[in-house]
Amino acid sequence: MKTAVLYGPRDLRLEEHPLDTTRLEAHQVHVDTCITAFKIGTDRGNFEGAEPVPGAPDYPRWVGDSNLGIVRAVGSAVTRFRAGDRVVSRRPHQSEYLARDDELLVHVPDEVTDEDAVFAHLYTLSAHCYRKAFFTPGENVAVVGLGVLGIGAVALGPLFGARVVGIGNSPVRQEMARRMGAHACLASNDPELTSRLHVFTDGVGIDLVILTANPWPAWRTAMDIVRENGRVAVVALPGRGEAPLDFNPVAMEWFYNKGIALIAVSRSGGYLFPTPEPRFDGQRACRHTLSLMADGLLEPKRAITHRLPYQRMGEAYEMALRRDKNMLNVVFSWRE
Ligand SMILES: NC(=O)c1ccc[n+]([C@@H]2O[C@H](COP(=O)([O-])OP(=O)(O)OC[C@H]3O[C@@H](n4cnc5c(N)ncnc54)[C@H](OP(=O)(O)O)[C@@H]3O)[C@@H](O)[C@H]2O)c1
């Protein structure tokens, strides 16, 4: 089995590891990877040597967590999968793996292409930004940061009934956001940002900011543009890899005076109408994302800028390090 291992900053190696697939345990599933997707934000931080994310493994560590593959064989007690099924999982960049049948493995509907489905888990996180913040159809949403998760949030906005404005730090990304469905796109350093948002929202203001960028200036933009009593859903890892602040991100003028709610988009969210099983657990939420793809409404592949064989994975990490704005959704092929 081939796998990518990060030994330290800028030390990404491809290795061969043994994997015995001849004797599966009763609940095991053997999956052959077709493609994996680059999780730019978090993985770039790991590649750069930014401070570790609490709870995440130290070096040497796996990289990536968006994997699309084909089930090759199943153990004797597996009923949910059979050989030939296409599945998405949160497994790292690796050519094959053994999973338990009760982990986060989700069937891919026939209508969905590999290059859309491989982004299903990442776009489910983009969707979680809306759910966790109790988004209501018709609200004005500003997505600050137009990377993988931000573009996902932009693409989902119109499907969920949002009026969505993408706020980025590069014209290339603003154009991409426009193509993925944003109703408007603006630059975060636009001196007229406030007045333009006033016009965009017909004076109502931004009800929900989805913050997907780590740098503190992005946090400042989020706090500044959200309306009074609005909320900021933070999926970014604020300040990770950044120099210390020269301002207070929860200054009274914003947090207290505006009475806003800050929401961490991590862990599960609440739901007003409980069901016996969690209504939007990882399986159900991912299946919903895949259903939007099956309906032809959500196409992450339209944001693919690079397709690379796994042997050239290191090039993508170096491009991320340079903040190359021409690189957005990247897939690595594991087919020889
Ligand atoms: N909560 C979770 O469970 C979870 C899971 C996965 C990822 N994450 C985090 O979510 C964040 C987004 O991930 P991603 O993969 O989408 O990252 P990404 O591709 O790097 O996207 C972030 C984008 O925001 C841009 N940006 C930086 N400063 C900005 C500013 N002031 N105004 C507007 N845009 C700005 C970045 O540009 P530059 O490249 O120029 O900085 C980049 O294009 C990362 O922090 C990641 O670690 C959280």
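Where in the chain does Arg10 lie? In this predicted model, Arg10 lies in the loop between strand 1 and strand 2, and the legends below start from that residue before turning to the domains and the ligand.

**View 1. Arg10 and its salt bridge with Glu318.** The backbone of Arg10 has a positive phi of about 55°, although Arg10 is not a glycine. The side chain of Arg10 meets that of Glu318 in a salt bridge, with an N to O distance of 2.7 Å; the structure holds 21 salt bridges. Because Arg10 sits in the loop between strand 1 (2-8) and strand 2 (11-16) while Glu318 belongs to helix 9 (residues 313-321), the pair ties together parts that are 308 residues apart in sequence.

**View 2. The cis peptide bond from Tyr59 to Pro60.** The omega angle of the bond that runs from Tyr59 to Pro60 is near -10°, and the bond is therefore shown here as cis. Pro60 itself is placed in the loop between helix 1 and strand 4 (61-62).**View 3. The two domains of the protein chain.** Domain 1 takes in residues 2-119 together with 300-333, whereas domain 2 covers residues 134-264. The C-alpha centres of domain 1 and domain 2 are 29 Å apart. Across the boundary, 20 residues of domain 1 are in contact with 16 residues of domain 2.

**View 4. The area buried between domain 1 and domain 2.** About 1,300 Å² is buried between the two domains, and carbon and sulfur atoms give 58% of that area. On the side of domain 1, Arg302, Lys325 and Leu328 supply 45% of the area that this domain buries against domain 2, more than any other three residues.

**View 5. Polar contacts and residue classes between the domains.** Seven residue pairs are in polar contact between domain 1 and domain 2, with both residues of each pair at pLDDT 80 or more, while the count of salt bridges between these domains is zero. Helix 1 (residues 40-48) gives the most to the side of domain 1 that touches domain 2, contributing four residues. Sorted by class, that side of domain 1 has nine nonpolar, six polar and five charged residues.

**View 6. The residues around the ligand.** The ligand has 28 residues around it, of which Gly41, Thr42, Leu149, Asn214 and Lys325 come nearest. Lys325 is also one of the three residues named for the area that domain 1 buries against domain 2.

**View 7. Polar side-chain atoms beside the ligand, from Asn169, Arg173 and Ser188.** A polar side-chain atom of Asn169 lies 3.1 Å from an oxygen atom of the ligand. In the side chain of Arg173, an N or O atom is 3.4 Å from an oxygen atom of the ligand. For Ser188, the ligand atom concerned is a nitrogen, which is 2.9 Å from an N or O atom in the Ser188 side chain.

Note on methods
Residues numbered from 1 in each chain as written. Predicted model: local features only at pLDDT ≥ 70, side-chain atom pairs only at ≥ 80, totals over all residues. Heavy atoms only, no water. Domains from an automatic or database assignment. Contact = heavy atoms within 4.5 Å. Buried area = accessible area lost by both parts, 1.4 Å probe. Salt bridge = Lys/Arg side-chain N within 4 Å of Asp/Glu carboxyl O. Polar contact = N/O pair within 3.5 Å; in protein donor to acceptor, adjacent residues only side chain to side chain. Helix = DSSP H or I, 4+ residues; strand = E, 2+ residues; numbered from the N terminus. Nonpolar A, V, L, I, M, F, W, Y, C, P; charged D, E, K, R; others polar. Near = heavy atom within 4 Å.
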